[in-house]
Amino acid sequence: MTEAVSAGDGLGLGSYTGSVNIRQPSVFSDARSAAWSVTRSTAQSAARLSTPPLPAPSAFVRLRRLLNVVNLTTPAGLALARAGRCRICRGPDGLVLAEGWSWTLPKAAAFTVGNVVLYRSRAAPLFRPGTGGPGSSPLLRHEARHSSQYAGLGLAFLPLYFLAAGVSKLRHGDPASGNIFERLAGLDDGGYRRTVSPAPSRAPSPLRHPRPRRNGRKWRF
């Protein structure tokens, strides 16, 4: 809009008559700004609903997290995750989830070092929480118990675990069924099938003689 302005007549400065352009706010720009604000607030609300906030960690969870930092198992797990180029995110119960482990060893779909749970991409659906909340994934509960074992044993957990796995392999044919650490973590939650070792057959001793049986008037051996 253009408006004529006359100034300076009463001040001895002469007279000036000109036009000044006064910009009015655009209706379309206001509507666009309002639409953008609504869209942004809707997206933020949807993100909050799709990712519910994690519950506050308990005293036990905080203590486990602290111990695994002090005994260097969690830093070791984070170093492995970065070396394996895993995608790291925060998990429930003070755990750190590292998805995308692609190295050949260990062959398991998931394993834990300190508070860091490393797993292959094909195992990602197993870590999704069920209807019971963030900690309702059986495999995640299993790995959380391993994290507690690290808190008690520190780096000594690794050689002790491999020793127990070797004994289980010799006695039961697999590294988990007789492994005390896997049993305490829960074989069913870890997806392991329980195997029963066959009872050893007793071979007859060569020093023992068979008891004779009487058949009529004769002894038959």
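In this predicted model, the hairpin of β5 and β6 has two residues between its strands, and Gly114 in that hairpin takes a positive phi near 65°. The two strands pair in the antiparallel sense over four bridges. Within this pairing, Ala110 stands opposite Tyr119 of β6.

**The sheet**

β5 and β6 belong to an open sheet of four strands, in the order β3-β4-β6-β5 and with mixed pairing. β3 (87-90) and β5 (110-113) stand at the edges with a single partner strand each, so one side of each has no neighbour in the sheet. On average, neighbouring strands of this sheet are turned by 25° against each other, direction ignored.

The pairings can be followed across the sheet. β3 and β4 pair in the antiparallel sense over four bridges, and Arg90 has Val96 of β4 as its bridge partner. Strand β4 (residues 96-99) pairs with strand β6 (residues 116-119) in the parallel sense, again over four bridges. Here Val96 stands opposite Val116 of β6, and Glu99 has Tyr119 of β6 as its bridge partner. Val96 therefore appears in two pairings, opposite Arg90 in one and opposite Val116 in the other. Tyr119 likewise has Glu99 as a bridge partner and stands opposite Ala110.

Which residues of β6 are buried on its two faces? Val116 and Leu118 are buried on one side, and Val117 and Tyr119 are buried on the other, which leaves both faces of β6 covered. In a regular strand the side chains alternate between the two faces of the sheet.

**Backbone turns**

The hairpin of β3 and β4 has five residues between the strands, and Asp93 in it takes a positive phi near 60°. Positive phi values also occur at other places in the chain, as the table shows.

| Residue | Phi | Place |
|---|---|---|
| Leu72 | about 70° | loop between α2 (59-70) and α3 (73-83) |
| Arg85 | near 55° | loop between α3 and β3 |
| Asp93 | near 60° | hairpin of β3 and β4 |
| Gly114 | near 65° | hairpin of β5 and β6 |
| Gly173 | near 85° | after α5 |

Leu72 is not a glycine, yet its phi is positive. Arg85 is also a residue other than glycine with a positive phi. Arg85 is exposed, with a relative accessible area of 75%.

A further backbone feature is found in the loop between β4 and β5, where Pro106 is placed. The peptide bond from Leu105 to Pro106 is cis, with omega near -10°.

**Helix α4**

Helix α4 lies across β4, β5 and β6 and runs at about 30° to β5. Two of its residues can be described in turn: His142 and Gly152.

Is His142 buried or exposed? With a relative accessible area of 1%, His142 is buried, because the cut-off for buried is under 20%. Leaving aside neighbours within four places in sequence, His142 is in contact with Glu182, Ala185, Gly186, Asp189, Gly190 and Tyr192. For one of these residues, Gly190, the backbone nitrogen is reached by the side chain of His142 at 3.5 Å.

Gly152, in the same helix α4, counts as exposed at 63% relative accessibility, because exposed means over 50%. The C-alpha atoms of Gly152 and Arg64 are separated by 8.6 Å, although the two residues are 88 residues apart along the chain.

**Helix α5**

Helix α5 (residues 157-172) has 16 residues. From its first C-alpha to its last it reaches 21 Å, close to the 22 Å expected at 1.5 Å a residue.

The buried residues in α5 are Phe157, Tyr161, Ala164, Ala165 and Ser168. Why do they line one face of the helix? Seen down the axis of α5, the buried residues fall within an arc of 105°, so they line one face. An α-helix has 3.6 residues a turn, so residues three or four places apart point the same way.

What covers the buried residues of α5 includes α4 (138-153) and α6 (180-185). The face of α5 turned away from the buried side carries the exposed residues Phe162, Leu163 and Leu170. After α5 comes Gly173, with a positive phi near 85°.

Conventions:
Residues are numbered from 1 along each chain as its sequence is written. This is a predicted model: local features need pLDDT of at least 70, side-chain atom pairs count only at pLDDT 80 or more; totals for chains, interfaces and linings use all residues. Side-chain values use heavy atoms; hydrogens and water are left out. The expected span of a helix is 1.5 Å times one less than its number of residues. Buried means under 20% relative accessible area, exposed over 50%, partly exposed in between (1.4 Å probe, protein chains only). The arc is that of the directions from the helix axis to the C-beta atoms. Contact means heavy atoms within 4.5 Å. A polar contact is a pair of N or O atoms within 3.5 Å; within protein, one must be able to donate a hydrogen and the other to accept it, and residues adjacent in sequence count only if both atoms are side-chain atoms. Two strands pair if DSSP finds at least two bridges between them. Axes are lines fitted to C-alpha atoms, for helices over the stretch in contact, and angles run from 0 to 180 degrees between N-to-C directions.
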